[in-house]
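Here are some exercises to try with the structure open beside you. Have a go at each task before you read its solution.

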Amino acid sequence: MVVGAGFAGLTAATELAAAGIDVTVLEARDRVGGRARGLQVSDGGWVDAGAAYLGDRHTELHSLMAGLDLKATPTAMRGASRFALGSEETTRDGRFPPLNAVALGDLFERLDELTATVRPDAPWLTPGAGELDALTAEAWAERHLAHPDARLFFPLFLGEMMAADPARVSMLHVAFYLRSGGGLRYLNAFEGGAQQDRIDGGAHQVCERLAARLGDGVRLGEPVHAVHQDDDGVTVRGPKGEYRADVAVMALPPLPADAVDHRPEPPARRTGDRTARGCAVKVHLVYPAPVWRDHGLSGWSVNARGPLLSTVDDSPAGSGVGVLTGFVTGAEAHRFAALDPGEQRSAAVGQAARLFPMLPEPVGFHVTDWVNETYSQGCYAALFGPGDWVRHGPGLTAPHLRVHWAGTETSTEFFGLMEGAVRSGRRVAAEVLARR
Amino acid sequence: MSVDTTAAAAGDPPAGPGAPAGPRAGADTEGVVAMFRRVLESEDVSADSDFFLLGGDSLVATRVLSAVARSYGVELTFEDFLGAPTPGRLAEKIADAR
Ligand SMILES: Cc1cc2nc3c(=O)[nH]c(=O)nc-3n(C[C@H](O)[C@H](O)[C@H](O)COP(=O)(O)OP(=O)(O)OC[C@H]3O[C@@H](n4cnc5c(N)ncnc54)[C@H](O)[C@@H]3O)c2cc1C
């Protein structure tokens, strides 16, 4: 029995089924994919309302895609960027913001130095872990960043990279996240980095194709609320009834996993009072064509004020339409999510038109609000708050009798990414097979 | 960080007739080569290697500028770096600015 039909759960179920095990997957939502979700913007043109990007180091995801006949398509970003970091918008070649380069370099040097100290396999064993884990990213910045440009850029950087509000996330978690994802430079880069490609047709297709192969073993609309174990097996309860299994794999983000009633209770919880949620809203602005390209612009922008803290050209290849994806992250995501649809539209469309004055009226406008998703509670991923890694880290993957844990937040490799989710699914399947 | 300290301690290269060939080659160029090696995590850097052809990007370039400021007390801009993307030429810029 697998609970959760995201990348982690479906990978685990696929591997278990391949080993001849009879698997059922219970999924709360009426769709598979979890934090990956497709959005159709034109005839045959799909964009990613959730997870989107991958890089060459995401080897498990690449091999999964190859087996499902899915291709990667480059995010090739050509042309100049737009920046609204001071009183007016400016245009610059490349992606480097018009800020003091030495100050940003100091910030990146410090982050890199910190990242290098992290124990990637066991962040709680990092030298000085207790102290670093007690510190929020905001407190760290106050202590270590003197230049106003570094102070301005740090929250934008964390927002873009982790959808994190610096006041809520532990600095050990930030350093761990950077290490886990392959370092500052790899995580930040499009070409040659973690944003090199998208999945042609949408990331959700990986999950849909895995689910199609599992057939009626995948049951939708089954939010599990209780998992009770006895000497002979596990009883998993949802609103439609109960299921009996030898073993249960909980392939959920940590906050939803802790919302399930477990008996007996696990020795340790997976989250604490300060575990935060990554907060992201994705906005898709659809235009008849990617007209910014004709003006030498890449569609990339970075903005100190919201709602769109950054924009990127996500036009689906071959579709003709131009799509600008706007990222609304961190504290700004909460503000934006609270607006009514009309206010959201005028704020986002207006900001895009100031950044890219050549834009016509959009022909499509979509807001995907991940802030208030009961079955995610953390998008892009959960953010470990002060004290979380030291307290909850050591138990994240430890099986609780017949219950095993998966999900991207249980992976110390590529934590928070699709790749981490796939790796966790493979790890948990191996654990379950090893029981026999 | 020890690499940077060494470079700083070496100070200005002698620009006299005995100095090695090339535009003000010497201790500064060596120091900048060491910085490139550290941030690019590659030994494959010489005085005339182009930072961006070696796979460097703007984020990593700012780390070089930070190291330059710490070691030589010179604040260069990102545009300075784009115009002088090899250790030899960057060392020249540093010398000019001092
Ligand atoms: C806006 C956004 C952008 C992102 N961008 C990227 C990106 O560019 N690249 C990248 O690699 N990653 C990105 N991510 C992260 C990526 O989406 C996740 O790391 C990955 O999808 C996690 O997979 P998972 O299987 O661990 O969890 P999930 O996808 O969350 O799957 C868990 C499943 O469990 C279900 N569930 C929850 N509670 C219950 C319950 N009680 N009973 C039954 N089912 C339940 C959920 O509905 C869900 O389907 C992004 C995420 C978001 C939201």
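**Exercise 1. Find the strand that holds A:Val281, then work out its surroundings.**

Step 1: A:Val281 sits in strand β17 (residues 280–287) of chain A; strands (E, at least two residues) and helices (H or I, at least four) are DSSP runs, numbered from the N terminus. This is a predicted model, where local features need pLDDT of at least 70, side-chain atom pairs count only at pLDDT 80 or more, and totals for chains, interfaces and linings use all residues. Residues are numbered from 1 along each chain as its sequence is written, chains are lettered from A and ligands numbered from 1 in the order in which they are written, and side-chain values use heavy atoms, leaving out hydrogens and water.

Step 2: Is A:Val281 buried or exposed? Its relative accessibility is 1%, so A:Val281 counts as buried (buried means under 20% relative accessible area, exposed over 50%, partly exposed in between, with a 1.4 Å probe and protein chains only).

Step 3: Now list its partners, where contact means heavy atoms within 4.5 Å. Not counting residues up to four places away in sequence, A:Val281 touches A:Gly326, A:Phe327, A:Val328, A:Ala333, A:Phe336, A:Val367, A:Thr368, A:Asp369 and A:Val371.

Step 4: For a distance check, take A:Asp340: 59 residues separate it from A:Val281 in sequence, and 14 Å in space, C-alpha to C-alpha.

**Exercise 2. Look for disulfides and check A:Cys207 and A:Cys379.**

Step 1: A disulfide is a covalent bond between the sulfur atoms of two cysteines. The search counts a pair of cysteine sulfur atoms within 2.5 Å, and over all chains it finds zero.

Step 2: For A:Cys207, the nearest cysteine sulfur belongs to A:Cys379 and is 14 Å away. A:Cys207 is buried, at 0% relative accessibility.

Step 3: For A:Cys379, the nearest cysteine sulfur is that of A:Cys279, 8.5 Å away. A:Cys379 is buried too, with a relative accessible area of 3%.

Step 4: Back to A:Cys207: it is one of the buried residues in helix α9 (residues 204–214) of chain A, which also include A:Leu210 and A:Leu214. Just after α9(A) comes A:Gly215, with a positive phi of about 60°.

**Exercise 3. Describe how chain B meets chain A.**

Step 1: Chain B brings 21 residues to the contact and chain A brings 17.

Step 2: About 1,500 Å² is buried between the two chains, and carbon and sulfur atoms give 56% of that. (Buried area is the accessible area, with a 1.4 Å probe, that two parts lose on being put together, summed over both.) B:Leu59, B:Thr62 and B:Arg63 supply 37% of what chain B buries against chain A, more than any other three residues.

Step 3: Count the salt bridges, each a side-chain nitrogen of Lys or Arg within 4 Å of a carboxyl oxygen of Asp or Glu. There are five between chain B and chain A. B:Arg63 and A:Asp112 form a salt bridge at 3.0 Å, N to O.

**Exercise 4. Decide where to be careful in chain B.**

Step 1: pLDDT is the predictor's confidence in each residue, from 0 to 100. Chain B has a mean of 80, and 72% of its residues reach 70 or more.

Step 2: Confidence in chain B is lowest in helix α1 (residues 2–10), at a mean of 37, and highest in helix α3 (residues 58–72), at 96. Over residues 1–26 of chain B, pLDDT stays under 50.

Step 3: Where pLDDT is low, the predicted coordinates should not be read in detail.
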